[in-house]
Amino acid sequence: MNMFEANMRKVSDSLYNAVRLAAEYGNEEIKELKQYTEMAEKLCEAESLMNSHTKAIAEASREQTIDSFDRRYQAGTTNKKVQVKGHKRYKDFVQFAKPLLDPASDETSDQQQSAIDEELIMEDDPSSMVDPILKKPLEVPVRNMVCNHVYEKSSIEQLLKMNANTRCPVVGCAAQGFVSAQHLKLDEQLLRKLRRLRDTEI
């Protein structure tokens, strides 16, 4: 998993460098934004599928027989719709590349972005909205940049105070080593989703 993530970073860095070079030295054809965003989409799709399979294997590994392992694994990987354009890596890339390659175009409007986020809320796994430690709805989500799991900020901080050698509390997490405060980052995208979701329930 760590090697996969390292390779993803290398490919991502190469894509960013390609955009910088295209913006500085390329002709109109080379500066075509679409070709680079399509590459970013494929990159994010590969990462999402890898994460899906890793999670499915971790869950299936708890099964006692080969048949039950196969069923659990298939259930965890079948019909997984990849939301590429809602992927943070994709959004960060577009935010970087668009001003360089297509500065004249307008940024995605707040209304369009809200619609995208609402769609992602509806299709998110409900478990991603719940703190794995206290099993309560998330309010201030922080993401573990090592394994990509999300926790409630106050509960993970309290857990680390109680035991500095805490592993990811998500059942079946394949990450090695202990959770580190320096790897926890506020998930602003998920925070916006949670706020919008709460607003719709009022």
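This is a short walk through one protein model, from the overall layout to a few single residues.

The model is a predicted one. The protein has 202 residues, and 30% of them count as buried. There are 7 helices and 3 strands. Along the sequence, the elements follow the pattern α-α-α-α-α-β-β-α-β-α. Take the contacts between residues at least 6 apart in sequence: 60% of these join residues at least 24 apart.

I will start with a pair of helices. Helix α2 covers residues 33-60, and helix α3 covers residues 66-77. Their axes come within 8 Å and cross at roughly 150°. How do the two helices run relative to each other, roughly parallel or roughly antiparallel? An angle over 145 degrees counts as roughly antiparallel, and α2 and α3 are therefore roughly antiparallel to each other. The crossing of α2 and α3 is right-handed.

Which residues meet there? On the α2 side they are Ser52, His53, Ala56, Ile57, Glu59 and Ala60. On the α3 side they are Phe69, Arg72, Tyr73, Gly76 and Thr77. By type, the residues of this contact divide into 5 nonpolar, 4 polar and 2 charged.

Next, the strands. The 3 strands form an open sheet, in the order β2-β1-β3, and the pairing is antiparallel. In general, strands of a sheet pair through backbone hydrogen bonds, and the pairing can be parallel or antiparallel. At the edges of this sheet are β2, residues 150-152, and β3, residues 184-186, each pairing on one side only. On average, neighbouring strands of the sheet are turned by 40° against each other, direction ignored.

Going through the pairs, strand β1, residues 141-144, pairs with β2 in the antiparallel sense over 3 bridges. Within that pair, arginine 143 has valine 150 in β2 as its bridge partner. A helix lies against this sheet as well: α6, residues 153-162, packs on the sheet and touches β1, β2 and β3. The direction of α6 makes about 85° with that of β2.

On the other side, β1 and β3 also pair in the antiparallel sense, over 3 bridges. Here asparagine 144 stands opposite leucine 184 in β3.

Now the turn between β1 and β2. These two strands form a hairpin with 5 residues between them. Asparagine 148 sits in this loop, and its phi is near 80°, a positive value in a residue other than glycine. For background, most residues other than glycine have a negative phi. Asparagine 148 has a relative accessible area of 39% and is therefore partly exposed.

Where else is there a positive phi in a residue other than glycine? Lysine 135 has one, with phi near 60°. Lysine 135 is placed in the loop between α5, residues 110-123, and β1. Is lysine 135 buried or exposed? Its relative accessible area is 59%, so lysine 135 is exposed, given that exposed means over 50%.

Lysine 135 also gives a distance to strand β2. Tyrosine 151 is 16 residues away from lysine 135 along the chain, and their C-alpha atoms are separated by 9.8 Å.

The last residue is glutamate 152, which is found in strand β2. Buried means under 20% relative accessible area, so glutamate 152, at 11%, counts as buried. What does glutamate 152 touch? Leaving out residues up to four places away in sequence, it touches Asp131, Pro137, Leu138, Glu139, Val140 and Val142.

To recap: α2 and α3 are roughly antiparallel to each other, and the 3 strands form an open antiparallel sheet with α6 packed on it. Of the single residues, lysine 135 is exposed, asparagine 148 is partly exposed and glutamate 152 is buried.

Technical notes
Residues numbered from 1 in each chain as written. Predicted model: local features only at pLDDT ≥ 70, side-chain atom pairs only at ≥ 80, totals over all residues. Heavy atoms only, no water. Axes fitted to C-alpha atoms, helices over the stretch in contact; angles between N-to-C directions. Helix = DSSP H or I, 4+ residues; strand = E, 2+ residues; numbered from the N terminus. Parallel < 35°, antiparallel > 145°, perpendicular 65-115°, else oblique. Left-handed = near helix turned anticlockwise from the far one by under 90°. Contact = heavy atoms within 4.5 Å. Nonpolar A, V, L, I, M, F, W, Y, C, P; charged D, E, K, R; others polar. Pairing = 2+ DSSP bridges. Buried < 20%, exposed > 50% of the residue type's maximum accessible area, 1.4 Å probe, protein only.
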